[in-house]
Amino acid sequence: IRDVQYGASVQEWHSFEILFYLLSEMVGMCEALSRFAQAAPANHHQLLRGLWAMIGRASFSAAPGFDQIGDRNVNIFDRSYKRKQRDRAAWLLGSNDPLLDPVTENLLDRLQDCKRTFPIALNMGGAVEHVRRLLRGRGGIERLITMDTSCDMIKKIMKAETSEENDIVTDPKLERLYIVADEEFLPFKEGSLDLIISSLGLHWVNDLPGAMTQCRMALKPDGLFLAAMLGGETLRELRIACTVAQLEREGGVSARVSPLAQVQDAGNLLTRAGLALPTVDVDQYTMWYPSALELIQHLQTMGEGNAVSQRNQCLKRDTALAAAAVYQSMFAGDDGSIPATFQVIYMAGWRPHSSQQKSQSRGSATASFADIEKVFISSDGPEV
């Protein structure tokens with residue numbers, strides 16, 4: 001901290017911000033501020049001003065009442081660059097994928113737990129091709145609208161659906177529509193959809209609360225929002241390897257893996273979006289690869305490459321080789337293959353409707369704890 005002098009370079013301040021946020025994640029924002037202020041000399045006013053500025057940037061978007069829909073000023077991800085990644089993934093991704101297939105299958109299984117049908121459904125972003133292929137009549141869908149930011153991805157799906165080798169062509173009752181649009185700006189009028197499905201697409205949205213609020217508004221009353229997105233424990237091995245390699249070769253760290261939502265945030269997101277009966281569960285998938293190179297290739301094939309706005313667009317060869325070596329030495333199995341963890345958060349919520357079950361108001365109970373206690377007290381024996 002004392003090395004950060006007045007007039008420090010942008011690179012020095014960037015490293016300083018990273019250290020501050022790492023400490024705030026471990027001990028909390030207020031405690032981190034207190035420790036940094038104690039360590040800094042009294043005349044380092046710029047350091048303290050920088051601390052308050054960073055806290056303001058971190059907390060301003062979360063301030064209550066800042067935006068009814070969300071925070072459109074957030075620019076964590078480069079959406080234009082992500083669209084280009086998905087354009088490339090449209091022609092790299094095969095018909096089957098060892099990660100996207102099981103995640104999508106588990107997500108669609110939740111439709112079988114619902115007794116009602118969903119005539120009009122939106123298949124939104126992420127693994128849109130896998131949702132279309134694995135739907136197999138679940139949910140009683142009559143009209144399926146497929147939406148993606150990538151025009152090439154939509155073209156690929158349309159081409160696949162006209163192929164005679166595709167089983168879904170045998171279902172003449174299903175009407176299919178296609179649209180190129182962004183999840184952050186849904187082009188649907190209020191109350192027009194019965195079901196919204198998003199498989200591994202929402203973790204690249206800048207304004208996630210706003211996007212989910214728009215989903216709720218687009219749903220009809222008692223409509224279902226069903227989504228799966230990657231959680232914060234995803235690719236933790238790769239994060240560690242990249243951090244160690246960059247510290248060793250470059251003397252600092254930069255964002256190589258995008259920030260992801262934590263499990264405890266998922267329920268808050270559903271509630272903030274105004275969805276009723278929120279349900280959240282987590283699953284973890286461990287994929288094995290011959291080396292880090294195959295892992296990176298698979299991420300690019302899925303369109304899951306790094307798209308952080310503040311990313312370092314130049315990766316040095318020495319750093320990349322060092323990261324692969326660190327990954328291999330720290331996490332390799334007995335056979336030499338390396339694991340990659342993917343944490344998937346499944347979310348479900350309903351647009352509020354009068355027919356949905358609701359909790360009773362406070363003070364409406366008809367039995368007291370004293371009455372319940374009497375049930376567990378034997379007339380001849382001791383209390384249970």
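Visitor: What makes the largest cavity a cavity, and how much space lies in it?

Guide: About 100 Å³ of space lies in there. This is a predicted model, and the name "cavity" is used because a 1.4 Å probe fits at those points but cannot get out. A search of the whole structure turns up three cavities of 30 Å³ or more.

Visitor: Which residues are closest to the centre of the largest cavity?

Guide: R86, G126, E183, G201 and W204, out of the 13 residues that line the cavity. Two elements, α4 and β1 (120-126), give two or more residues to that lining, and α4 gives the most, with three.

Visitor: How do you class the residues that line the largest cavity?

Guide: There are two nonpolar, five polar and six charged residues. Gly counts as polar here, so G126 and G201, two of the residues closest to the centre, go into the polar class.

Visitor: And the second largest cavity, what lines that one?

Guide: That cavity holds about 80 Å³. Its lining includes R86, G126, H130, M153 and E304. Helix α6 (residues 128-134) gives the most, with three residues. By class, the lining divides into seven nonpolar, two polar and three charged residues.

Visitor: Speaking of α6, why is L134 called buried?

Guide: Buried means under 20% relative accessible area. L134 comes in at 5%, so it counts as buried. This leucine is found in helix α6.

Visitor: What makes T104 a contact of L134?

Guide: The test is heavy atoms within 4.5 Å, and T104 passes, along with D101, E105 and L108, once neighbours within four places in sequence are left aside. The C-alpha atoms of L134 and T104 are separated by 7.6 Å, with the two residues 30 apart along the chain. The contact cut-off concerns heavy atoms in general, so that C-alpha separation does not rule the contact out.

Visitor: Let's move to the second largest pocket. Why is it a pocket and not a cavity?

Guide: A pocket is an open set of points, whereas in a cavity the probe cannot get out. About 930 Å³ of space lies in the second largest pocket. There are 37 lining residues, and the closest to the centre are L238, R256, I296, N306 and L315.

Visitor: Which helices supply at least two residues of that lining?

Guide: α4 (79-92), α9 (236-249), α11 (292-301) and α12 (317-331) each do. The largest share, seven residues, comes from α12. Overall, the lining has 19 nonpolar, 14 polar and four charged residues.

Visitor: How do you know that the buried residues of α10 line one face of the helix?

Guide: Helix α10 (residues 263-272) has A266, L269 and L270 as its buried residues. Down the axis, they fall within an arc of 95°, so they line one face. In general, an α-helix has 3.6 residues a turn, so residues three or four places apart point the same way.

Visitor: What is on the other side of α10, and what do its buried residues pack against?

Guide: Q264, N268 and T271 are on the other side, and they are called exposed because each is over 50% relative accessible area. The buried residues pack against α8 (208-218), β5 (219-230), β6 (276-289) and β7. Just after the helix comes G274, with a positive phi near 85°.

Visitor: What makes P339, in β7, a buried residue?

Guide: Its relative accessible area is 9%, and the limit is under 20%, so P339 is buried. This proline sits in strand β7. Apart from neighbours within four places in sequence, its contacts are E237, T286, M287, W288, Y327 and F331. E237 is 102 residues away along the chain, yet the two C-alpha atoms are separated by 7.8 Å.

Visitor: Which residues have the most contacts inside the largest nonpolar core?

Guide: L111 and F342, in a core of 46 residues. Strand β7 (residues 338-350) gives the most to this core, with seven residues. A second, separate core of 29 residues includes I120, M124, L208 and L219.

Visitor: Why can't P339 be a member of a nonpolar core, although it is buried?

Guide: Pro is not among the residue types that a core is built from, so being buried is not enough for P339.

Terms used: Residues are numbered from 1 along each chain as its sequence is written. This is a predicted model: local features need pLDDT of at least 70, side-chain atom pairs count only at pLDDT 80 or more; totals for chains, interfaces and linings use all residues. Side-chain values use heavy atoms; hydrogens and water are left out. A nonpolar core is a set of buried Ala, Val, Leu, Ile, Met, Phe, Trp, Tyr and Cys residues joined through side-chain atoms within 4.5 Å. Buried means under 20% relative accessible area, exposed over 50%, partly exposed in between (1.4 Å probe, protein chains only). Helices (H or I, at least four residues) and strands (E, at least two) are DSSP runs, numbered from the N terminus. The arc is that of the directions from the helix axis to the C-beta atoms. On a 1 Å grid over the protein atoms alone, a cavity is a set of points where a 1.4 Å probe fits but cannot get out, and a pocket is an open set with protein on both sides within 12 Å along at least five of seven lines; lining residues have an atom within 4 Å of a point. Grid points are joined across faces, edges and corners, and a volume is the space filled by probe spheres set on the points.
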